[in-house]
Each structure stands twice: as C-alpha cells, then as structure tokens.
Amino acid sequence: MREELEPIATEVLRARAVDLPILFGTMIELPRACVVAGEIAEVADFFSFGTNDLTQTVFGFSRDDIGKFLAMYEERKLVPANPFVTIDRPGVGALMRVAVQAGRASRPDLHLGICGEHGGDPASVVFCHEIGLDYVSCSPFRVETARLAAGQAALGSAEQASA
C-alpha cells in the first residue's frame, strides 16, 4: 500500500505547496501481524497495536459474548483479570513483545504505541512502558489516568536504573 500511496501523497502535497511529513504505518491487530512484524516494519514508520482486536483474536473471545462467562473464568482463575481491561501479559503481551523486538530489529526508529481502552489502564500502561512503546492512546476520560500511570512507570524505571 505504501508503494501506491506515497507517490499520490507527494503529488498532492507538491500541488498544494505544502511541506508536511507523511508517515505510513499499520494497526497490529492479529497474531500473525505480531509474528511477521519484522517484515511489516521494513515498509512502516509506525505500528499501533489494536489491543482490543488482538485480545479478541488471541483468546478467541467475542467482546459481545464475554460478559456471559467472564465472571466464572475469573472466579476459577482461568484469567487473572478481564483481558479487555488489562493486557494479558502471557498471551497478548508476549505477542506484543515479539512484534516490538522484531519491528525494532528491522527498523530501529519504528514508532510504537497502542490504540484502545487498554491505554487508559494503569497496569497496561506500565506494561507498554516495559516493552518500550512510545505512546498509548485512549478515550478522553481516561487520559489523566494514563498520563499518571506513564509518569509512574517512567519514574519507576529511573529509580531502578539508579539503584
């Protein structure tokens, strides 16, 4: 897609006498995308993990149906928490980590983040910091929580580095 879009974007910008950097990237929402992230990074400037869709495909859960059985799963300790609220580190998180490592191995300047409500969950924000993401995005009412969690994660890393 980049090969098709880049010349058009350049032409439009030139025709309007506008100097504007255009970045090309993709949502990483499927397990396969995480596994082949190194190849994708060869032509992408950024990845944004669509953590809700990634969670859905990793677990095989439908967000529409999870309310019918999630409480039982949590009660029986089949899941530690609602995976649509807090990133599941062993499954979804492991795939994200693979994608980050492979993506940055192919393109060290790759910009990485997440898009979705996980970006407003403090535990998920800490995890994103740990794996080296550059940003999180979330709905406006969760921004303050996300900023506080990001600051605490950064301070925690600084404290660990100085110890």
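Me: V12 has a relative accessibility of 36% here. What does V12 count as at that value?

Reply: Buried means under 20% and exposed means over 50%, with partly exposed in between. V12, at 36%, therefore counts as partly exposed. Keep in mind that this is a predicted model. As for its place in the fold, V12 belongs to helix α1.

Me: Which residues make a nonpolar surface patch with V12?

Reply: M1, L5 and I8 make the patch together with V12, and its area is about 390 Å².

Me: OK, on to charges. How many salt bridges are there?

Reply: The idea is a distance test: a side-chain nitrogen of Lys or Arg has to be within 4 Å of a carboxyl oxygen of Asp or Glu. By that rule you get nine salt bridges. Let's start with R2 and E6, whose side chains meet at 3.3 Å, N to O.

Me: Where do R2 and E6 lie, and how far apart are they along the chain?

Reply: Both are in helix α1, which covers residues 2–15, and they're four residues apart, about one turn of the helix. E6 counts as partly exposed, at 32% relative accessibility.

Me: Which parts of the chain does the R107 and D45 pair link?

Reply: The R107 and D45 side chains form a salt bridge at 2.8 Å, N to O. This pair links distant parts of the chain, 62 residues apart: R107 sits in the loop between α6 (89–106) and β3 (111–115), while D45 sits in the loop between α3 (37–41) and β2 (46–50).

Me: And D45, is that one buried or exposed?

Reply: D45 has a relative accessible area of 12%, so D45 is buried. You can also place both pairs in a wider picture: R2, E6, D45, R107 and D109 are linked in a network of salt bridges.

Me: What about R89, which residue is its salt-bridge partner?

Reply: That's E130, with the closest N and O atoms 2.8 Å apart. R89 is in helix α6 and E130 is in helix α7 (residues 122–130), so the bridge ties together parts 41 residues apart in sequence. As for accessibility, R89 is partly exposed at 38%, and E130 counts as partly exposed at 46%.

Me: Now the strands. How do I read the sheet, and what is the strand order?

Reply: In general, strands of a sheet pair through backbone hydrogen bonds, and the pairing is either parallel or antiparallel. Here four strands form an open sheet in the order β1-β2-β3-β4, with parallel pairing. β1 (25–28) and β4 are the edge strands, each pairing on one side only. Ignoring direction, neighbouring strands of the sheet are turned by 25° against each other on average.

Me: How many bridges join β2 to β3?

Reply: Five, and the two strands run parallel. To find the register, look at S48, whose bridge partner in β3 is G113. Likewise, G50 stands opposite C115 in β3.

Me: And what happens between β3 and β4?

Reply: β3 pairs with β4 (residues 135–137) over three bridges, again in the parallel sense. Within that pairing, I114 has V136 as its bridge partner in β4. Follow the chain and you'll see that β3, α7 and β4 make a right-handed β-α-β unit.

Me: One last residue: where is G60?

Reply: G60 is in the loop between α4 (51–59) and α5 (70–75). G60 counts as exposed, at 62% relative accessibility. If you want a distance to try yourself, take G60 and G38: 22 residues apart in sequence, and 25 Å apart in space from C-alpha to C-alpha.

Notes. Residues are numbered from 1 along each chain as its sequence is written. This is a predicted model: local features need pLDDT of at least 70, side-chain atom pairs count only at pLDDT 80 or more; totals for chains, interfaces and linings use all residues. Side-chain values use heavy atoms; hydrogens and water are left out. Buried means under 20% relative accessible area, exposed over 50%, partly exposed in between (1.4 Å probe, protein chains only). Patches are made of residues with over 30% relative accessible area and no salt bridge: like charges are joined within 9 Å, nonpolar side chains (Val, Leu, Ile, Met, Phe, Trp, Tyr) within 5 Å. Accessible areas come from the Shrake-Rupley method with a 1.4 Å probe; for residues, only the protein chains shown count as cover. Two strands pair if DSSP finds at least two bridges between them. A crossover is right-handed if, with the strands pointing away from the viewer, the path from the first strand over the helix to the second runs clockwise. Axes are lines fitted to C-alpha atoms, for helices over the stretch in contact, and angles run from 0 to 180 degrees between N-to-C directions.
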